[in-house]
Amino acid sequence: MIRTANPLAQEPRYELITQVLRENIAEGRLPPGLVLLEGPIAALMQTSRAPVQSALRRLQAEGLIHRFEGRGFLVGPPGAEVAPLRRDIRDFALEIPAAVDDALQVRGTWRHVYDQVEEEVATCQVFGEYRIVETELADYLGVSRTVVRDVLARLQERGLIQKNPSSHWIAGPLTARTLREKFELRAIVEPAALRLAAPHIRYAAVEAIRNRIGADPDLTWEALEDALMDECIAQAPNTTLVEMIRNNRLLLSAVNRALTGLGLPPDDIALDQYRTLFHLIARHPIDSAAEYLRDHLHIMARKNLARMKIVAVISETRKLAPYLTPQ
Amino acid sequence: MRSTGKTEVNGALAAPPGVARRRLRVRGTSITLLSQMREQAERDLGFRVDYELLDFVECQRRAALEPEAYDVYEHCFQNLDIVWFWGALQPIDTQRIVEWDSMSDLTKTGGVSKYAWRGHGDAPVGKLYIQPGGFLGDRPGRQIAMLPTVHNVDSFGFDPRVFGTGEAPRTPSWAWLLDPRAKGRIALVDEPAIGLFDAALAAEATGELSFADIGNMTIAEIDALMALLEDRRRQGYFCGSWRNGEDAARLLHEGRVAVQSMWSPVYGDLGPMTGLFAEAAPAEGYRAWHGGASLSRHAAGAELDMAYEYLNWWLAGRAGAIMARQGYYISTPERARTQMTPEEWAYWYEGAPAACDLPGPSGQIVVRAGARRAGGAYRERLSRIAVWNTVMEEYNYAVRVWDRFIQRVNAGAP
């Protein structure tokens with residue numbers, strides 16, 4: 001039986017990151033006033049931003065770091081009058097224990113292959129129901145079955161696959177009903193989360209992204225969805241709610257990427273709606289933004305249902321990954 | 001300004017030799033792309049009209065993916081759900097449509113009368129007007145996605161020798177499409193937004209299935225329908241499928257079918273089955289469809305002007321008369337009437353017995369004196385719509401399971 005020898009590899013990533021930052025603050029390697037930003041920490045730890053976000057929130061709760069006017073957090077307890085120190089975190093001799101580093105790396109292995117598999121699995125569902133055979137996926141990726149299991153666990157968590165009664169991994173079929181239900185849930189919980197988040201929204205970031213709409217031709221619909229999530233909704237001081245919203249969105253964004261990858265046309269009209277939404281969030285009482293968001297999500301639901309229909313003209317003959325077996 | 005294009009027509013004819021004649025490219029299906037239509041349009045409009053004739057499924061696919069390859073697209077309202085949302089079309093300005101105000105209520109408001117049952121599924125009015133946000137809906141506005149032209153209510157055809165007329169003729173039922181008396185001699189139209197509903201109406205009529213909304217089936221309902229069809233297929237009920245009128249006629253000429261999905265023009269081409277194959281007016285009502293013409297996103301300048309002339313020509317009368325001779329109704333019937341003989345009008349629109357032999361679009365006799373159109377007059381038939389051809393929410397799923405089923409039917413798989 002192949003099993004990783006490092007017990008830390010079983011720990012959640014945010015736990016490991018919290019631990020590293022906590023110790024480095026305690027030992028003074030990260031000085032008071034240093035601005036901590038998600039992106040650079042995520043890059044340093046070779047992980048996504050989500051666990052870093054959770055870690056920072058935990059450290060804030062512990063009083064080791066605090067919020068300030070700008071983006072990110074300052075090292076030190078709240079109320080400490082320190083000037084923000086804006087420097088690259090890599091300039092400080094951050095100590096990452098070998099075991100923790102190793103654990104993050106082990107987790108990293110599945111990360112290297114995950115995005116590719118997610119795209120292939122999201123795409124195939126458009127065409128119907130497929131079975132994934134663990135050993136075939138391992139051969140295809142050239143990785144161990146342990147890594148494959150990590151990948152499959154993540155896909156399951158994102159709602160992209162499930163086990164059928166005979167314990168086979170099944171992907172799809174992707175139906176209009178699934179999409180409609182996901183959007184219904186979004187329209188219920190996201191406006192509520194936006195109201196809760198109001199005092200904590202990163203208003204400067206919202207203004208910045210709003211100004212890019214129309215001016216920056218590379219700005220995608222996805223980037224706007226991410227901004228709505230990261231800068232606004234995710235700031236709600238209710239981690240359970242935020243986690244639920246994140247999970248509910250995972251399948252939708254995977255599907256959207258898959259459909260765009262299949263050549264579906266982009267939706268330009270949506271950009272205007274985001275401009276209005278971000279304007280309301282930044283400049284008006286949060287209730288107006290929450291109501292607009294609810295409306296916007298109803299429209300997005302209709303658009304996504306319409307997109308699901310037009311996929312029908314794309315033929316099944318395109319080559320799917322070999323580990324996917326039509327059912 | 002409204003463009004009827006008459007002056008431009010004369011200008012084009014007067015063009016000096018060596019200047020390329022103006023040309024309009026029309027992509028569509030066998031519903032409307034008849035050589036008689038093209039010739040009549042060229043005579044009336046004075047520019048060249050190129051037709052590209054494709055089957056339903058292929059036409060829709062290529063219209064969505066290659067909008068630069070045509071100026072005008074002729075298909076049915078249900079597939080706006082595909083082609084409009086791919087962004088392949090541009091809005092039609094109704095102020096440039098001369099007959100817009102005189103068009104029939106069926107498309108503009110949804111039914112032949114205020115009280116007529118609208119039918120399940122997507123009535124064309126629900127896809128007619130362009131709404132804020134790029135959606136299509138029934139709230140009237142100046143811009144439309146497709147100009148409503150021909151329409152009809154479809155059913156199936158049957159061999160009365162099998163289903164019995166004689167002393168006490170029974171009212172035909174969609175159930176006959178799954179009837180053991182026709183086992184091995186049943187064919188369906190292979191178009192998932194059409195044939196699937198013929199099969200669904202049949203399954204409801206036999207009492208085996210019941211759909212909460214036959215016009216918008218759930219995944220479970222689609223699965224149940226396909227399981228039922230697969231079971232019948234294994235028992236050898238189906239002898240084939242068809243995608244256009246010619247193939248439907250071939251099955252009849254070869255004497256292979258006792259009951260099948262039918263399109264109106266095929267009744268004019270029954271071959272050896274003439275007199276032995278009848279059009280049903282089903283007890284449960286009809287499956288309705290509405291055709292129309294749309295503008296490619298890329299049409300602009302002179303091409304766009306020609307396209308509008310062509311759209312206006314569609315409603316002006318002659319086109320409607322040609323369509324009537326193959327059993328299709330037009331959205332401006334009074335204009336078509338001026339181009340039809342009183343006997344033609346009485347038979348096709350009023351449901352009266354044919355006073356004399358009547359020609360089809362090609363001039364060949366398709367209706368014998370004394371015959372009556374099944375189902376009666378226009379309003380009578382259009383008041384009995386069970387379901388419209390529809391691209392349902394779960395269309396993508398339905399298409400793929402339907403295609404697999406049809407492949408097995410055509411392969412004669414065990």
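Visitor: What makes residues of chain A and chain B count as being in contact?
Guide: Two residues are in contact if their C-beta atoms, placed from the backbone, lie within 7 Å. By this rule, 20 residues of chain A are in contact with 22 residues of chain B. This is a predicted model, in which local features need pLDDT of at least 70 and side-chain atom pairs count only at pLDDT 80 or more, while totals for chains, interfaces and linings use all residues. Residues are numbered from 1 along each chain as its sequence is written, and chains are lettered from A and ligands numbered from 1 in the order in which they are written.

Visitor: Which helix gives the most to the side of chain A that touches chain B?
Guide: Helix α12(A) gives the most, with 7 residues. Both α7 (176–197) and α12 (286–310) of chain A supply at least two residues each to this side. Their names follow from DSSP runs, numbered from the N terminus: helices are H or I runs of at least four residues, and strands are E runs of at least two.

Visitor: What classes of residue make up the side of chain A that touches chain B?
Guide: Ala, Val, Leu, Ile, Met, Phe, Trp, Tyr, Cys and Pro count as nonpolar, Asp, Glu, Lys and Arg as charged, and the others, Gly among them, as polar. On that basis this side of chain A has 14 nonpolar, 2 polar and 4 charged residues.

Visitor: How do you know what confidence the predictor has in each chain?
Guide: The pLDDT states the predictor's confidence in each residue, from 0 to 100. Chain A averages 86, and 94% of its residues score at least 70. Over residues 1–5 of chain A, however, the pLDDT is below 50, and this stretch has 5 contacts beyond near neighbours in sequence in the model. Chain B has a mean pLDDT of 92, with 94% of its residues at 70 or more. Residues 1–16 of chain B have a pLDDT below 50, with 16 contacts beyond near neighbours in sequence in the model. For the complex, the predictor gives an ipTM of 0.83 and a pTM of 0.81.

Visitor: Into which domains is chain B divided?
Guide: Chain B is divided into domain 1 (18–152 + 289–342) and domain 2 (155–287 + 358–411), with bounds that come from an automatic or database domain assignment. Their centres, taken over C-alpha atoms, are separated by 25 Å. The contact between these domains takes 28 residues from domain 1 of chain B and 27 from domain 2 of chain B.

Visitor: Why are α2(B) and α10(B) called roughly perpendicular or oblique, whichever applies?
Guide: Two packed helices are described by the angle between their axes and the distance between the axes. Axes are lines fitted to C-alpha atoms, for helices over the stretch in contact, and angles run from 0 to 180 degrees between N-to-C directions. The axes of α2 (residues 35–45) and α10 (residues 301–315) of chain B come within 11 Å and cross at roughly 115 degrees. Angles under 35 degrees count as roughly parallel, over 145 as roughly antiparallel, 65 to 115 as roughly perpendicular and the rest as oblique. Helices α2(B) and α10(B) are therefore roughly perpendicular to each other.

Visitor: Is the crossing of α2(B) and α10(B) left-handed or right-handed?
Guide: A crossing is left-handed if the near helix is turned anticlockwise from the far one by less than a right angle, and right-handed if clockwise. The crossing of α2(B) and α10(B) is right-handed. Its contact is made by Ala41(B), Asp44(B) and Leu45(B) of α2(B) and by Glu309(B), Tyr310(B) and Trp313(B) of α10(B). By class, that contact has 4 nonpolar, no polar and 2 charged residues.

Visitor: At what angle do α2 and α3 of chain A pack?
Guide: Helix α2 (residues 38–45) and helix α3 (residues 49–61) of chain A pack at about 115 degrees, with their axes 9 Å apart. Their crossing is right-handed. Among the residues in contact are Ile41(A) of α2(A) and Leu56(A) of α3(A).

Visitor: What makes the peptide bond from Gly172(A) to Pro173(A) cis or trans?
Guide: The bond from Gly172(A) to Pro173(A) is cis, with omega near 0 degrees. Pro173(A) lies in the loop between β6 (169–171) and α7 of chain A.
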